[in-house]
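I set out to record what I looked up in this structure, entry by entry. The notes follow the order in which I consulted the computed values.

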Amino acid sequence: MTELAAVKAALRTQAVETPSWAYGNSGTRFKVFAQAGVPRDPFEKLDDAAKVHEFTGVAPTVALHIPWDKVEDYAALAVHAEKRGVRIGAINSNTFQDDDYKLGSICHPDATVRRKAVDHLLECVDIMDATGSRDLKLWFADGTNYPGQDDIRSRQDRLAEGLAEVYERLGEGQRMLLEYKLFEPAFYTTDVPDWGTAYAHCLKLGEKAQVVVDTGHHAPGTNIEFIVATLLREGKLGGFDFNSRFYADDDLMVGAADPFQLFRIMYEVVRGGGFTSDVAFMLDQCHNIEAKIPAIIRSVMNVQEATAKALLVDDAALAAAQASGNVLEANAVLMDAYNTDVRPLLREVREESGLDPEPLKAYRASGWGERVVAERVGGQQAGWGA
């Protein structure tokens, strides 16, 4: 197999999971902007997600968020997904929107609130069983705003205890993916603020617990690719929440703010074997002012482009330059790959896979956007109430 054929083959195996909530209305803390044709329930979200997969060919799974995607019959939801050509992906828990969680969820000082939070996580595992989902994704808003508000060490003990109970409930082939976030909504201490804290808890829990890297959850200047390389080296990188940020957790389209960073991350993924392992490539985005489905298609394409460039890095030339201490040449090898226009290559890959080479144009020509605007009249649009 030629080098180019190998790159094409690798690209055809790529899968990017889209988030159900990205198909609904979203916004800032000031305003949620409604759009015509937005899904009104999880079934319609899956219908839209299926269109993304139809035109990209690499978005076969859809992450759910509970209770935003709560239904009476999760098995029926999974069947609906399969009929549309997609599957249910990660189940995301929600322990941050109830009034009871003002002081935390599984780290809360009140045992009654902790019990409520853990029971919700166990419910999410039940949903995994019903839908065939592999991954339980956990993000906690838990933390404190003021020194002395609560005992930092005790909160870590509560966190470990709650995670351990949920971990024991996981079935064969299921995983717990623990996400971290520097700050927000807690501003003094955050109970899972960084990859080291998440890694420490996952290491203690066992092989089924791994870390999720949300690309928007870091301080300015953080070297995310170092974190990715380290977690891959330790076998603890479970997945990504891909998005972009200019200031904080902006949840913009992946690759929009810093496409070079996305390339660097994907190079470490390729270099560390994450591209052919169980690392989940998930989007976590909120499309506030742009059309939902085209934005998600664009995001998937951005991931594909960064991946293609990462696969084109001349590993032999890079290793030789590094071994000889040729700093400029080593950097040039990476920059040559990054500066390659991979769009013609990806168009070829799509055509060879029986897809339209231009996913966005194909989607617009399909008339799906106009159809859902006409059909989805009445009812309550899906979204989150920020």
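The entries below cover packing, the pocket, salt bridges and two single residues.

**Entry 1: model status.** I note first that this is a predicted model.

**Entry 2: nonpolar cores.** I looked up the largest nonpolar core and found that it has 100 residues. Ile106, Phe140, Leu163, Phe240 and Phe242 have the most contacts inside this core. Helix H9 (residues 292–311) supplies its largest share, 10 residues. I also recorded a second, separate core of 7 residues, with Ala63, Val212, Ala280 and Met282 among them. As background, nonpolar side chains in soluble globular proteins tend to be buried together.

I then took Phe140 as an example from the largest core. Leaving out residues up to four places away in sequence, Phe140 touches Thr95, Ser105, Ile106, Leu121, Leu159, Leu163, Leu178 and Val192. Two of these names, Ile106 and Leu163, also stand in the list of residues with the most contacts inside the core.

**Entry 3: largest pocket.** I read a volume of about 1400 Å³ for the largest pocket. Its lining comprises 47 residues, and Phe96, Trp139, Lys181, Glu184 and Asp249 lie nearest its centre. Strand E4 (135–138) and strand E5 (143–144) are the elements that give two or more residues to this lining.

**Entry 4: salt bridges.** I obtained a count of 32 salt bridges. In general, side chains of opposite charge can pair when their charged atoms come close.

I examined three pairs individually. Glu44 and Arg40 meet through their side chains at 2.6 Å, N to O. Glu44 is buried, with a relative accessible area of 12%, whereas Arg40 is partly exposed at 26%.

Arg84 and Asp47 form a salt bridge at 2.9 Å, N to O. Arg84 lies in the loop between helix H3 (74–83) and strand E3 (87–92), and Asp47 lies in helix H2 (residues 42–56), so the pair ties together parts that are 37 residues apart in sequence. Arg84 counts as partly exposed at 40% relative accessibility, while Asp47 is buried with a relative accessible area of 14%.

For Arg115 and Glu165, the closest N and O atoms of the salt bridge are 2.8 Å apart. This pair links distant parts of the chain, 50 residues apart, with Arg115 in helix H4 (residues 111–131) and Glu165 in helix H5 (residues 152–169). Arg115 is partly exposed at 35% relative accessibility, and Glu165 is partly exposed with a relative accessible area of 34%.

I also noted a network of salt bridges that links Lys8, Arg12, Glu348 and Glu352.

**Entry 5: Arg350.** Which side chain of opposite charge is nearest to Arg350? I found Glu358, 5.7 Å away; Arg350 is buried yet has no salt bridge. The cut-off for a salt bridge is within 4 Å. Arg350 belongs to helix H12 (residues 343–352). Apart from neighbours within four places in sequence, Arg350 is in contact with Met301, Gln304, Leu355, Asp356, Pro357 and Pro359.

**Entry 6: Ile91.** I located Ile91 in strand E3, and Ile91 counts as buried at 0% relative accessibility. Not counting residues up to four places away in sequence, Ile91 touches Leu64, Ile66, Cys124, Ile127, Met128, Thr131, Ser133, Asp135, Leu136 and Lys137. I also looked up its separation from Glu225: the two are 134 residues apart in sequence and 26 Å apart in space, C-alpha to C-alpha.

Terms used:
Residues are numbered from 1 along each chain as its sequence is written. This is a predicted model: local features need pLDDT of at least 70, side-chain atom pairs count only at pLDDT 80 or more; totals for chains, interfaces and linings use all residues. Side-chain values use heavy atoms; hydrogens and water are left out. Helices (H or I, at least four residues) and strands (E, at least two) are DSSP runs, numbered from the N terminus. Buried means under 20% relative accessible area, exposed over 50%, partly exposed in between (1.4 Å probe, protein chains only). Lys and Arg count as positive and Asp and Glu as negative; His and the chain ends are not counted. Contact means heavy atoms within 4.5 Å. A nonpolar core is a set of buried Ala, Val, Leu, Ile, Met, Phe, Trp, Tyr and Cys residues joined through side-chain atoms within 4.5 Å. On a 1 Å grid over the protein atoms alone, a cavity is a set of points where a 1.4 Å probe fits but cannot get out, and a pocket is an open set with protein on both sides within 12 Å along at least five of seven lines; lining residues have an atom within 4 Å of a point. Grid points are joined across faces, edges and corners, and a volume is the space filled by probe spheres set on the points.
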